[in-house]
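The following briefing accompanies the structure shown below. Its points are grouped by topic.

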Amino acid sequence: MIEIKNLTKRFGHITAVDDLSFRVQPGEVLGFLGPNGAGKSTTMKMVTGFLAPTSGAISVCGHDVLTDAAGAQAAIGYLPEGAPLYPDMNPRSMMRFVGRARGMAPSRLTARIDEVCRLVHLEAVMDQRIETLSKGFKRRVGLALAILNDPEVLILDEPTDGLDPNQKHEVRELIRTMSAGKVIVLSTHILEEVEAVCTRAMIVAEGSIKFDGTPAELRGSSRFAGAIEIAVASDHAEVAQRDLAELGSVSHIGEVVEAEGETRFVVFPATDAPLLEDVQRVAAGASWSLVRLAVDRGRMDDVFRTVTTGQSAQGA
Amino acid sequence: MTVFRRELAGYFGTPVAYVFLVIFLILAGVFTWQLGGYYELEQADLRGFFTFHPWLYLALIPALSMRLWAEERRSGTIEFLMTLPISTGGAVLGKFLAAWAFTGLGLALTVTNWWTVNYLGEPDNGVILASYLGSFLMAGGFLAVGSALSALTKNQVSAFVLTFTASLLFVLAGFPAVTDAISGWAPDWFVASIRNLSFLDHFDAITRGVVDARDVLYFLSVIALFLFGSAVIVDQKKAD
Ligand SMILES: Nc1ncnc2c1ncn2[C@@H]1O[C@H](COP(=O)(O)OP(=O)(O)OP(=O)(O)O)[C@@H](O)[C@H]1O
Ligand SMILES: [Mg+2]
């Protein structure tokens, strides 16, 4: 378990992390979201004992990071931002080094190196100098090192950055399968990733928590959640909008876009209204016909923007 | 000691290390047989060879020690290293010992000089052994200074210049020209303590063949002090 209490970090007059408090339980995969400079990496550096907090307390699996950094670090597998590695070593020697530093028994280490190498697909480059590897492979080596001794806690700073779509998919799969009984915290700029792997999403901006909930709640809190996007032929757009606006279940209509003789707009629901039924009824009896209709599940990027900038996305 | 193993293996994985060894041996040879006036003196010992060791180290040790921490800090690998369950002290010591062992290897490769003098005459082997010990200890002193100064900066060139300057001060502190210059106005105890700080002074004492515990202790304390300093600096500066 990770427990963070009133964590603050200042660099001179910049407050990178501002009085942050939260816990992460085993089995949870926490997706750490936030704009550039939000303080995600800084928080991770403090949890892993690399950076000393200005104030506050962090405990990882019962080890106080400030007084027993080595104890906490023994429980943590960490992928630092940018996956820094020794350029003159190869993935195999790097893994041996980490295994020894973590006190793994030689036989277990050998077995784990094989296993991990298969998990992140490093077979082909195991004996190639790291400086000659591509960015994605370096990231995979960093990930391999983080999971090498199957630690209780995984802290991954942008684990899928620089990976190709197949690898992204596999790494997400890997994280999901590993998550049972583990505490996993990962940061990402890919909002879909949070839905794909995380059980919990947290948005930080300017060093403090702006949202904390499940990925479904995150999407659901979008103003688009439950709204209906409708497309009609542009000739009928005005009539259609007027007809729909008369419905009691419609709060307002917005996001109108015209393109190629077709007009799209979003019908926002009044609270708890049976919007879909009403829209379908009106459309069935109307002089205009629907080109397309889609119920929006909510837009992650919209929530993200709303939460982090205080203003909503236009025309998203 | 995993850090020690990694670092030592690292030396042999890079051509720079071999270049270092070769330069070390060439310079050691040149100093001994040419500048040391070995033939003119017509005596079978290695005084000349060892006299030049402080200068040899002055030139070469900063080149070896400059990357110890500066490179880790520049490339960000320090974050990877310092979030493993290794103490800062352990990492500092591991890196230092690897560099020291590597220098020791260079020094060990000069035993050919020792054989040569034994072939040419009958040197006092006790003195030579003591000198090797002294030289090795002095190399450790230079490296420890280099380790601390390398942790101060992310730039290897700055680390080199800083270490070179600091080492120069440590050597010059015992140089007659310097001690004479300050003895004119400074009190005797001050001159004595400056002299006492000098690598040269303690090294000379050992190369005379007398391994005094105080001289050995001096180098060991310099090493301990600067390694402690390195650990403090690394902890302070690692995340900058
Ligand atoms: N060593 C440092 N010295 C001064 N300021 C720093 C330092 N490290 C981070 N900062 C500042 O702290 C703030 C948070 O940075 P951090 O790297 O945690 O952001 P992040 O959320 O990880 O962003 P990104 O998405 O770009 O990775 C930024 O304003 C950054 O400039
Ligand atoms: Mg970051």
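**Briefing on chain A and the magnesium site**

Of the 316 residues that make up chain A in this predicted model, 51% count as buried. The chain contains eleven helices and 14 strands, and its C-alpha trace spans about 75 × 45 × 35 Å along the principal axes.

**Contacts and surface**

- Among the contacts in chain A with a separation of 6 or more, 67% are made by residues 24 or more positions apart.
- Chain A has an accessible surface of about 13,800 Å², and carbon and sulfur atoms contribute 49% of this area.

**Charge**

- The side chains of chain A include 33 positive and 42 negative ones.
- A distance of 8 Å separates the centres of these two sets.

**Magnesium site**

- The magnesium ion (ligand 2) has as its protein donors S41(A), through OG, and E81(A), through OE.
- These donors lie 1.9 to 2.2 Å from the ion.
- The pair links distant parts of the chain, with the two positions 40 residues apart: S41(A) belongs to helix 1 (residues 40-47), whereas E81(A) sits in the loop between strand 6 (76-79) and helix 3 (91-101).
- S41(A) has a relative accessible area of 11% and is therefore buried, the cut-off being under 20%.
- E81(A), by contrast, is partly exposed, because its relative accessible area of 40% falls between the 20% and 50% limits.

Technical notes
Residues numbered from 1 in each chain as written. Chains lettered and ligands numbered in written order. Predicted model: local features only at pLDDT ≥ 70, side-chain atom pairs only at ≥ 80, totals over all residues. Heavy atoms only, no water. Helix = DSSP H or I, 4+ residues; strand = E, 2+ residues; numbered from the N terminus. Buried < 20%, exposed > 50% of the residue type's maximum accessible area, 1.4 Å probe, protein only. Contact = heavy atoms within 4.5 Å. Areas by Shrake-Rupley, 256 points an atom, 1.4 Å probe, with all protein chains shown as cover. Lys, Arg positive; Asp, Glu negative; His and termini not counted. Charge placed at Lys NZ, Arg CZ, Asp CG, Glu CD. Donors = N, O, S within 2.8 Å, 3.2 Å for Na, K, Ca; no water.
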